[in-house]
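User: Could you take a close look at one part of this model for me? I would like a connected description with the cut-offs spelled out.

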Amino acid sequence: MTEKDFIPKEYSAEIEEGKVTWQSPSNIALVKYWGKKENQVPANPSISFTLDSCRTTTTLSFQKKENAEGFDFELFFEGEKKESFRPKIQKFFERIEVYLPFLKEYRFKVETSNSFPHSSGIASSASGMSALALCLMSLEKQLDPEMNSEYFTRKASFLARLGSGSACRSIEGGLVNWGEHQNIPGTSDLYGIKYSHEVHENFRNYQDTILLVDKGEKQVSSTLGHDLMNGHPYAERRFQQAHENLDLLKGIFESGDLSEFIKVVESEALTLHAMMMTSQPYFLLMKPNTLEIINKVFDFRARTGMHLCFTLDAGANVHLLYPEKEKKETLEFIKSEMLQFCENGQYIADNVGSGAKQLA
Ligand code: DP6
């Protein structure tokens, strides 16, 4: 599908007002998206596990207005009016207007809340933007009742991407690919698709315990972060490596080889941080406690032969990934040895989930 396929023809129905609610999860990338071109096109393909407990719930109320001049929306976060979200949503609406030409015809109220702790440093743009994209798609579906569910899902991911790249991987559950890869048919730079090849049962219900090492504001916004890959001395080789790592993961998902899985996932996390450390300006986003945790992971694996591994986003928090069958011992270890490195001992126990859900 191309961008043009997402520009709608005449709508067959008229809708005066209404209200929809979607709950959308966060996701954790195994092969990282870091670097982008114009129009939110990723510089390399990525893949992520969709999470379950880390979710944003968004209710969109809409009412037809008399004129179609400008966007008209109000934003509420956890019950309170949130003016600081306005520029991001304004920009999002501008980007997607050509694909949702009704946007200026309605007055919107957007009410969102997160399941994860307030300002936990956990990325909320993926769950937030995907939930809003899904709400807007529900309105479009009312205007075009013939729309099929495949188109609905693709376009929701397409729109979410225009809000925040990683958000396009938060619509469907399990493993989601985003970005064209020659050996994974159906992959696109425009939207995420559910990984449709064989996946060994070792990866079923994979666990993700998120350790909140630093709950502060992000040091580097994702916009600036991605931008640092333009003219980065190692960029081209890195983008190529992401393709190679996706090839490796394809074999690993089939065979269930957890040791090989760990090698790819941890290397991806460290490469992401290496890119930030070697850009100009450079950033060091790990904290001493991030390293303490990583060393504990290495020790635990060497001592027990179990398959705990870590991954990181663009921050100091650590995602601990491990198979469900090793949950009991691993979680005990995490609780007794690792929570000391978290801010106020805070962590989130999550696992792979089944994707976004419509609540109303
Ligand atoms: C490090 O999706 O937040 O989490 O497209 O600018 O909104 P924007 O970026 P964003 O970048 C996420 C980067 C990452 C890696 C990943 O999730 O793949």
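Here is a walk along one helix, α7.

Analyst: Happy to help! This is a predicted model, where local features need pLDDT of at least 70 and side-chain atom pairs count only at pLDDT 80 or more, while totals for chains, interfaces and linings use all residues. Residues are numbered from 1 along each chain as its sequence is written, and side-chain values use heavy atoms, with hydrogens and water left out.

Helix α7 covers residues 288-304; helices here are DSSP runs of H or I with at least four residues, strands are runs of E with at least two, and both are numbered from the N terminus. At 1.5 Å a residue, the 17 residues of α7 should span 24 Å, and its end C-alpha atoms are 24 Å apart, which agrees. (The expected span is 1.5 Å times one less than the number of residues.)

Thr290, Ile293, Ile294, Val297, Phe300 and Arg301 of α7 are buried, meaning under 20% relative accessible area, with exposed being over 50% and partly exposed in between (1.4 Å probe, protein chains only). Viewed down the axis of α7, these buried residues fall within an arc of 120°, so they line one face of the helix; the arc is that of the directions from the helix axis to the C-beta atoms. On the other side of α7, Pro288, Ala302 and Arg303 are exposed.

What do the buried residues of α7 pack against? Their partners are the strands β10 (207-211), β11 (309-312) and β12 (318-322), together with the helices α6 (258-277) and α8 (327-338), where contact means heavy atoms within 4.5 Å. Just after α7, Gly305 takes a positive phi of about 75°.
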